[in-house]
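Q: Please take a close look at a single part of this structure, and then set that part among its surroundings for a reader who has not met it before.

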Amino acid sequence: MSSVPLTAYLMLALILFCIGLFGALTKRNAVIVLISIELMLNAVNINLVAFAKYSLNPGLTGQVFSLFTITVAAAEAAVGLAILIALYRNRQTVNVDEMDTMKR
Amino acid sequence: MLQMSWLIPLFPLLSFILLVVFRKSSNENTAWIGVLLTGASFVLSFGAWLAVWQGDGIKVEGTWFQLGERAITMGYEVNPLNALMLVIVSLVSLLVHLYSKGYMHGDERFSVFFAYLGLFSFAMLGLVLSPNLLQLYMFWELVGLGSFLLIGFYYFKPEAKAAAKKAFVMTRIGDVGLFIGMVLLFWQVGSFEYDEIFSAIKNGELSQSMLTLTAICIFVGAIGKSGQLPLHTWLPDAMEGPTPVSALIHAATMVAAGVYLVAAMYPLFQASETALTVVAVVGGVTAIFAASIGLMQKDIKRVLAYSTVSQLGYMMLALGASGYVAGIFHLTTHAFFKALLFLAAGSVIHAVHTQNIEEMGGLWKKLNITGPLFLIGALAISGIPLLSGFFSKDEILMSTYADGKYGLFWIAVIAAFMTAFYMFRLFFLVFTGKPRGSQKGVHESPSVMTLPMIVLGVLAVVAGYLNTPWFGTFLTDYLSQGPVELLHADHHGPVWIPFVATAVALLGIGLAYMIYQKGSVSRDWLTRTFPGLSHVIYNKWFVDEGYDRTVVKGTTGLSWLGVWFDKYVIEGLVAGVVSGVQALSRLGSEMQNGQVQSYGTFAIFGLVLLLLIAALSGGYFS
Amino acid sequence: MTGEMIAFFLLALTAITGGVLLINLTNVVHMVVALIFTFIAIAGIYITLSAEFVAVVQVLIYSGAITIIMLFGIMLTRHQEKEKTAPRLKVWLAGGSIALFFIIMYGKIKDLNFGQQNAELHIDNTKKIGIELYSHYVIPFELTSVLLLVALIGSIILAKRDDDEKEAKK
Amino acid sequence: MSTWLLSILIFSPMLGVLVLAFVPSHDEKSIKWLGILGTLFPLGTALITLSAFDMSSDKLQLAETYRWISYEVFQSKGEVSYPIFYEVGVNGLSMVLILLTAVVSVLAAVASFSIKKNWKSYFILFFLLEMGMLGVFAAQNLFLFFIFFEITLIPMFFLIGRWGYVEREKAAYSFLIYNGVGSAILLIAFVSMFMKTGTMNFEKLTETFSLPQEELNAVFITDGYMMGMLIALLIAFAVKLPVVPLHSWMVSVHVQAPPAIVMIHSGILLKIGAYGLITFGAGMFPEEFRSLAFVIGLFGVINLLYGAFLALTQTDVKRVLAYSSVSHMGIVLIGLAALNEAGITGAVFQVVSHGLISALLFFLVGALYERAGTSELNDLGGLAKRMPILAGVLLAGGLASLGLPGMSGFISEFMAFLGLFEKMPILAAVGTLGLILTAVYVLRAVLAITFGTEKEQHETYTDLTSAERVPAFVLLAAIMFIGIYPAWLSDMLRPALDVILLGLGG
C-alpha cells in the first residue's frame, strides 16, 4: 500500500512553520503576529500527528499531544488578545514596532 | 717628565671648569687663568717632546670597564708622532689664548670664550694622547663639541647657529665612518689598542678586504674632520666663529686631527694599497678643488678656509703617496703659517671691522706689524724657498712623484700655483693699493695680539729646517722611532722638482701682482674668458646647493613622509580600530531597540548560525 | 497516484496558499480569512493521517474559536487599513535566516523514513483517544482544565477596563 | 631589618600617602614639601638597600617569600595545590632600576612644584605610582609583577587626565587603552604559563623552560608553545617600550602629560618594557629569543630611524623629545638583539641613561613651558641670553641625548652598536645612520630654543631658580658620572647579565 511518505508531511509542516515564523517576525500588526504564532503551532501539530502515524513506535501519543497543544494554543490566543486589548487601551496602537517599552 | 704627561690635557680642563664657574665675572683677567694653565700644558708637552726626542716613550693604561672577558682600557701614550702633535697643539693653543685676550676684549661673554677654548684644548690634547681608538674616538667627538661651541659662540647670529650645526652634523657623518671602522676592527682584533691592531695586521690576522674596508671607514672619519671632499662644506662656514677660533681649530689643530688619525693608523693604511690610493686621490682632488674655489672668494677668512682645505688635501695626498714624514711635516709647518695667517687676518678684521676684501686695501702702512707677518705667512704657504712651506711642500711633491702617482703630482703642482696666486691676490687686495672702504680709526692691534703673531711668524720661517735635504732630516729620524715603518724613508725624486715648485709659486705671485697690483691684466680677464667656469667656481662648485637639493631635501622629504605615515597610516589604523569598535557598539545598542520582533529575528539568526555550523561540521544531526 | 496522494496535494496546496496569502495580503481581515483556509486544510491533512478526532477539534477550535477571537481583536482595535511592512533590513535578515533554516531543515528531513506506519490508527480513533485521555493522560488533562480556567480569568482581568484608570482619565 | 628591607622599600611611598591624608588639601606649600619628603624616604631606603646589596653575587638577594594565596585543583594524579607566593628580591638589574626609580621620583617631585591644582590627590597618586614602579622591579613572580604593573597604570591615567595640557583626556585614554591591551596579553600569557608549569616564580619558570625537550613534552610544553609565549610577551612589552608601530600613545602622553609625570613616564615607565624584555624574553626563553634576534634587531633599527626621521620635522619640542624617546628605545632593542655581553649591557645602559637624560630634558622643557607658556620651536629662540643656565643644561642634555662621549648616552649607544656589529654588521651599519639623524634633530631643536636672535617677549624671562637647579644639576651629574665611569654600573649589572647570557649561550 503506497501512501504519502512521512517526508511530505514534514515538508508541509516545515513550509507552514517558516511562513508563520516570517509573519511573526515581520508583521507590524500585533493581531497578525498572534495569528502567525498560531500557524507555527499548527505546523508543529502536523508533525506530531504525522509522527503518530509514521514512526518507529506509532501510537496515539502524538495525537493526544496535539490535542494538548491545541488547548494551550487556545488559551494563549485568549490571553494574548486580552493583553493586546489592554495595551491598546493604554497606548492606542497595535503596532508591534511601537511597543518598545523594554528599552526604557 | 713623561710620567706627568697625563696632566697635559687636564690643565685646560681645569681652566674650563674654573672659567665656567667664573663665567659671570666681567674682569677680563680671567683670561690669564686660561693662558697660564695652557702655558703649563705647553711646558709639559715641550718637556715630553724633548724626552721623546731622546728616544723615550711611555704608555700607561688602566681598565675603564670590563666587557665580558675583554677589558676596555683608558690611558695615555707618548710616542714621537703625538709628542710632536702635543707641542703643536699646546703651543698654538697658548698663542691663541694670548691673542684672544686682545681680540675678544669687551665681549659680553669673555670668560665663556676662554672656557670653551679650554674645553677644546683639553679634548684636542686628550685626542692626541690616546693610546687606543676608542679613547681617540671619544675625544674626537669632544673636539667636535669644542668646535661646535666656538663656531656658535655668537649664538645670536643665525649664520653662526647654522654654521655650528652644520659643522657638528657634517663631522658627525664622518665620525660614524670612524665608528664603524673602529667597531669592525674591534671584532677582528679583539681590542681597540693601536699596538694590538698593528701586531694583528702584521701577523696577517685580517683579510685584505677587511683591511681595506676598515681603513676606508676610518678615513671617512678623517674626511669629515679634515674637511676633505665631499664633506668639506662645513669648514668655510665655520668661519662664522671668532677669528682666533678659526686659527686654533680650523687651521692648526682640529682639522689636522684627520691627518693625525691617518698617520696614527698608518700601518693599517700601509697594509692596503687600495686604501692608500683612496687617501691620495681624495687628498689630491681636494687640494686642487678647494684651491680653485679660493681663487674667487671675497671674504678674507673664507679664502683662508679654502686654503686650509686645500693644504689638508696636500697632507692627505702625502700620506696616501707613502709620504708619511712629508704629511706630518706639512702638518707642522702648516699649523704655524696658517695660524699666523688667520691671526693676521683677525688683526686686520679687528682693525677695519669687515671681512670683505673688496672694502680693504692700502693697509700696509697702517698695520705695520700685521702686514709683514701676513707677507711671511703668504710666502711660506706659497712655497717660496727658505721658508717653511717650501720644504714641506717640496717633500710632498717628491713623495708623490716617487710613488709613481704622476697624475696627482701634476694636480698638486697646479694647486701650488693656485695657492700662490690666491694668497697674493689676498695680500695685494688687503695691504696694497688704495683704501676702498672707510678706514677711520684703523690702528695696529695691541701687543697682546701681535706677540703671538710674531712667535708664529718666526716659526713659519724656521719650522722648515726640521727636515731639509741640506741641513739634515731631523724629523724623519725622529719619526722613525715610532711604530710606523717608513718604507721610503727618503724620497730622492728628480732634482728638478724644487725648481718646478718654486717656478710655479713665483708664477702665481707674478700673475697676482700683474692683476691686482699693477693692473696690467684686467681683473675680470678670467671671468670674461671663462664665464661658465668662473660662475661655477665663484659659487663653490655648487656643492652646498647640491647637498641642499639632494641630501637635505631628501632627508626632510623622508621625514615628512614619516610624519605623513604616522599621521595617516598608523593613526589611521588606530582610528579605524576605534571606529570599528564604536560602530560595533552602536550596532549593538541599536539592536537593543525594545521590539520583541527584532529580538526574535536575532535569536533566529543566531539559531540558524548554530544550526549551520552544526550542519556543515557534520555535528549533532549526522 | 492514489486518491490519498491527490487529497494530500490538494490540501497541502490550500494550506500553503493560505499561508502565503497571510504574508502577502494587506487588509488585516483578509489575512485572517486566508488563514481559515489553511486551518481547514490542515484539518483535512489530519484526516489523511488517520486522526479524525484531532481534525474535528482543529476545525472547532482554530477555524471556529480562535479565528473569531482574532476577528474580534481586530475589530476592537483601530489600525491602519493597509498593513505597512517592517523595515527592510529586518525583513531581509529574518527572511534570509528563515530561508537558511528551511534549507538546513530540508536537508535533514528529506531522507527521513522510518519505513513503517500504524495501519490501525483510524479504527475507533475517538474512542481510543478518550480512553487514553482518561487513563494514561488524566493528570495532564486535568491540568489543562486548570490552565484554561486561569487563561479565562486572566483574560477577563486583563481586558476589563480598569476603574482607577477610568477615574484617572476623568 | 634586612629581612624586611625590600618590602619596606616597596611600600615606603605609602608613608607619604599616610602623612598627606592628615594635611588639609588647600595647604599647598606643606603638601608640596611633604611630596618631596615622601619621595626622599624611598630614596633613603633604596640607598640602604644598595649598601646591603652584594654586587659580586649573581644570586637573588634580599629575597622574601610568604605564602599568600593558594587553591586546590583535583587532577587525575590527586589533589594539587597551586600556591601563589608573595615573593620579592633583587638582582643587579632590578637594583639599578629601583635606584633609578627612587632618584627620578625625587626629582619629579621637585618638578611637581609647577602643579597648579589638587595637590593632595596629585601627590597621593604620585606615591601610588612610585610604589607600583618599585614593586614591578622587585617582584619575583608573575602574579606580583602583574599586580604592580597594573598599579602603575591607574595613577598614571589620572595623573595624565587631570593635570595634563589641553588634550589631556584623549592622551590619558589612549594611554589606558594601549596599555590595557598590553596588560591583557600579558595576563593571558602569565595565566597560561602558570597553568602549564604550576609556578609563577621567575627562577622556577626559567628552570622549567630550560628542561630538556622530552621532559617539557611530558607536561605539554612544546616548542610552538614557548615561541607563542615569547611572542605574546614581546608584544605586551613592545606596547610599553614602545616599538613602532605601537608608539602613538606614547607620543601623545609625552606631549600632553605634565612635565613631572613625563619625567617619570619617559624615565621609568618605558623602562618596564625593557626590563620585561630582558627578564622574561631573554631570561626565560633564551632559545626562542635567539631565533627571533634578527626580527628584534630589525625592529630596533626601524625604531631608531623612524623616531629620528619623525623628530626631524616636528615643531613642538615635546614632540621632538617624544620621537627621540622612540628612537632611543630602538637602541635598547638593538642591544638586546645582539645577544652578547656588549649588546645587553648596552641595552641596560641605554635604559638607565635614557631614563636620566629624558628626565632631565623634560624637566627643562617643563621649566621652559612654565616661563614661555609654549613649547613651539617657532615661538622660542635666543633664550641663551636671558637663561644661560637653562640653555647650557639643555644643550648638555641634548648632547647627552645625541651620544656625546663623556655622557651616559655615548656608552650605551657605543655598546649596543658594538654588540650588534658582531652579529649583524649590515643591519648595524644601517642603524648608525640614526646617530647622524639624532645629531641633526637634537641640535635643530636645542639650537632653535637657545640660539638665534632673542624675541621681545622673552625679555622678562628669568633663568632657572635655585630650587630648579638642584634636579637639573643632579641629573646632569649622574649622566656624566655614568659616562665617565661606567664601570660602576657595569660591575653592578654584570652578575645578573651573566646569568642571562649563560642562558643565551653567548
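A: Helices (H or I, at least four residues) and strands (E, at least two) are DSSP runs, numbered from the N terminus. Counted in this way, chain D contains 21 helices and two strands. The radius of gyration of chain D (over C-alpha atoms) is 22 Å, close to the 23 Å given for 506 residues by the globule rule (2.2 Å times the number of residues to the power 0.38), so chain D is as compact as a globular protein of that length.

The model is predicted: local features need pLDDT of at least 70 and side-chain atom pairs pLDDT 80 or more, while totals for chains, interfaces and linings use all residues. Residues are numbered from 1 along each chain as its sequence is written, and chains are lettered from A and ligands numbered from 1 in the order in which they are written.

The C-alpha trace of chain D spans about 80 × 60 × 40 Å along its principal axes. Of its 506 residues, 59% are buried (20 or more other C-beta atoms within 10 Å of a residue's own, against 12 or fewer for exposed and a number in between for partly exposed, with C-beta atoms placed from the backbone). Contacts (C-beta atoms, placed from the backbone, within 7 Å) often link distant parts of the sequence: among those in chain D between residues at least 6 apart, 80% join residues at least 24 apart.

Within chain D, one residue serves as a close-up. F202(D) is found in helix α8 of chain D, which covers residues 202-209. With 21 other C-beta atoms within 10 Å, F202(D) is buried. Residues up to four places away in sequence aside, F202(D) touches Q140(D), N141(D) and T279(D). The C-alpha atom of F202(D) is 13 Å from that of S94(D), although 108 residues separate the two along the chain.

Chain D can next be placed with respect to two of the other chains. Chain A and chain D have no contact, and their closest C-alpha atoms lie 30 Å apart. Chain C and chain D do not touch either, with 34 Å between their nearest C-alpha atoms.

Chains A and C, by contrast, share the most contacts of the four pairs of chains in contact. Here 73 residues of chain C meet 63 residues of chain A. On the chain C side, two or more residues each come from α1 (3-24), α2 (28-48), α3 (52-76), α4 (88-109), α5 (125-135) and α6 (138-159) of chain C. The most, twelve residues, come from α3(C). By class, this side of chain C has 49 nonpolar, 17 polar and seven charged residues (Ala, Val, Leu, Ile, Met, Phe, Trp, Tyr, Cys and Pro are nonpolar, Asp, Glu, Lys and Arg charged, and the others, Gly among them, polar). Chain C is also in contact with chain B, through ten residues of chain C and nine residues of chain B. The side of chain B that touches chain C comprises seven nonpolar, two polar and no charged residues.

Chain B itself has 25 helices and four strands. Its C-alpha trace spans about 115 × 60 × 55 Å along the principal axes, and 57% of its 622 residues are buried. Among contacts in chain B with a separation of 6 or more, 80% are between residues 24 or more positions apart.

The interior of the model remains to be described. The largest nonpolar core (buried Ala, Val, Leu, Ile, Met, Phe, Trp, Tyr and Cys residues joined through C-beta atoms within 7 Å) has 424 residues, and V262(B) and A412(B) have the most contacts inside it. Helix α18 of chain B, residues 406-431, supplies the largest share of this core, 20 residues. Another core, of 80 residues, lies apart from the largest one and includes L25(A), F8(C), V32(C) and I66(C).

Helix α18(B) is largely enclosed by the rest of the structure, because 22 of its 26 residues are buried. Beyond its neighbours within four places in sequence, A412(B) is in contact with G284(B), A287(B), Y314(B), L317(B), I396(B), L397(B) and T400(B). Just after α18(B), G433(B) takes a positive phi of about 75 degrees.
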